[in-house]
Amino acid sequence: MRWLNLFKANLRKEYLELRRYLPNTLAMIVTFYVIFLGMFAGIQLIGDPSTQEANIQFVIVNYIFWYLAMMVVNNIGWEVTNEAMRGTLEQLCMSPMGIWRIMLTRLLSSTLANILIIVALLYISVLTTGQWLNIDIIALFPILILSLISMFGLGFIIAGLSIILKQVQAFLQILQFILAGLTFVPLSTAPFLAYFPFVKGVDMVRDVMINGAILTQLGIGNFIILGVNALVYSIIGLAFFLYCEKVAMKKGLLAHY
């Protein structure tokens with residue numbers, strides 16, 4: 001019940017912020033759509049006509065996943081930084097639920113909100129290009145859940161750094177390009193990336209949405225790699241965050257920006 005109340009409070013907070021700062025929300029969506037238009041125009045102008053259709057589908061899937069990764073991984077870092085600037089970070093740490101539970105429910109609520117935006121961006125992109133993708137919910141759902149768990153782990157690592165360092169905006173901007181690399185580079189080119197967070201999930205999503213693979217065709221081995229990846233990064237992320245929280249409390253970093 002306490003978890004549910006905490007989740008509902010953070011979901012309401014996320015909704016109010018998106019609605020109250022609607023121009024900023026719309027500007028963010030338009031910015032990502034313009035980035036996609038730039039990619040699409042590049043393929044149209046200088047791409048190989050024989051592979052143009054496949055390249056456009058590849059870009060749509062990758063750019064949607066890139067947006068999701070940025071929103072999930074970067075969001076919690078911004079949350080910690082904003083709470084520190086407001087002077088409310090120490091109050092969160094004093095909550096009976098603990099700051100990690102608060103941040104986890106914020107991650108869940110912001111992810112739900114961003115998934116709605118992603119669905120809108122996906123359909124706008126598809127309508128713009130005329131390239132329809134295979135939206136197999138049964139196959140995509142487990143892949144998305146396991147990929148999000150590994151993203152959450154990476155997000156907690158960023159949050160841990162934010163608690164101690166406070167100013168991580170420049171690092172978060174650099175991280176956007178790192179996430180783009182992890183999203184856009186295919187596993188066939190760099191197979192070792194399968195052991196990085198969510199990369200295996202992106203590859204499996206491409207297989208479903210572009211190649212039309214169904215759940216039974218994805219292979220149990222791929223799901224084992226994705227599941228182990230999610231488990232390992234979630235444990236590492238949470239453990240690192242809790243360690244950083246203890247360091248910040250010991251050094252008295254929570255009460256000051």
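N74 sits in helix 3 of this predicted model. With a relative accessible area of 4%, N74 is buried. Beyond its neighbours within four places in sequence, N74 is in contact with A69, L172, L175, Q176 and L179. N75 also lies in helix 3. N75 has a relative accessible area of 18% and is buried, because the cut-off for that label is under 20%. Leaving aside neighbours within four places in sequence, N75 is in contact with M70 and S110.

**The nonpolar core**

In soluble globular proteins, nonpolar side chains tend to be buried together. Here the largest nonpolar core has 72 residues. I99, M103, I143, M151, L179 and F198 have the most contacts inside this core. At least two core residues come from each of helix 2 (22-46), helix 3 (52-86), helix 4 (89-93), helix 5, helix 6, helix 7 (169-184), helix 8 (199-209) and helix 9 (220-251). Helix 3 gives the largest share, 18 residues.

Two of the residues with the most core contacts can be followed further. L179 is among the contacts of N74. M151 touches F65, L68, A69, V72, V73 and F198, not counting residues up to four places away in sequence. A69 is also in contact with N74.

**Salt bridges**

The structure holds four salt bridges. Three of them are listed here with their N to O distances.

| Salt bridge | N to O distance |
|---|---|
| K13 and E17 | 3.2 Å |
| K13 and E79 | 3.6 Å |
| R106 and E79 | 2.7 Å |

K13 and E79 lie in distant parts of the chain: K13 is in helix 1, E79 in helix 3, and 66 residues separate them. R106 and E79 also link distant parts, with R106 in helix 5, E79 in helix 3, and the two positions 27 residues apart. K13 and E17 are four residues apart in helix 1 (residues 2-20), so about one helical turn separates them.

K13, E17, E79 and R106 are linked in a network of salt bridges. How is this network placed relative to the surface? R106 and E79 are both buried. E79 has 8% relative accessibility. E17 is partly exposed, at 27% relative accessible area.

**Aromatic pairs**

There are four aromatic pairs in the structure. F156 and F241 form an edge-to-face pair, 5.3 Å centre to centre with 65° between the planes. F156 lies in helix 6 and F241 in helix 9, so this pair ties together parts that are 85 residues apart in sequence. F156 is buried at 5% relative accessibility. F241 is buried at 0%.

F192 and F196 form another edge-to-face pair, 6.2 Å centre to centre with 70° between the planes. F192 counts as exposed, at 53% relative accessibility. F196 is partly exposed, at 34%.

**A nonpolar patch on the surface**

Which residues make the nonpolar surface patch of about 900 Å²? They are V119, Y123, L127, W132, I135, I137, F141, I145 and I149. Helix 5 (99-129) and helix 6 (137-165) each supply at least two of the patch residues. Helix 6 gives the most, with four residues. I137 has its place in helix 6. At 57% relative accessibility I137 counts as exposed, because that label needs over 50%.

Helices 5 and 6 thus appear in both settings. Each supplies at least two residues of the largest nonpolar core. Each also supplies at least two residues of the surface patch.

Note on methods
Residues numbered from 1 in each chain as written. Predicted model: local features only at pLDDT ≥ 70, side-chain atom pairs only at ≥ 80, totals over all residues. Heavy atoms only, no water. Patch = residues over 30% accessible without salt bridge, like charges linked within 9 Å, V, L, I, M, F, W, Y side chains within 5 Å. Areas by Shrake-Rupley, 256 points an atom, 1.4 Å probe, with all protein chains shown as cover. Salt bridge = Lys/Arg side-chain N within 4 Å of Asp/Glu carboxyl O. Buried < 20%, exposed > 50% of the residue type's maximum accessible area, 1.4 Å probe, protein only. Core = buried A, V, L, I, M, F, W, Y, C linked by side-chain atoms within 4.5 Å. Contact = heavy atoms within 4.5 Å. Phe/Tyr/Trp six-rings, centres within 6.5 Å; stacked < 30°, edge-to-face > 60°.
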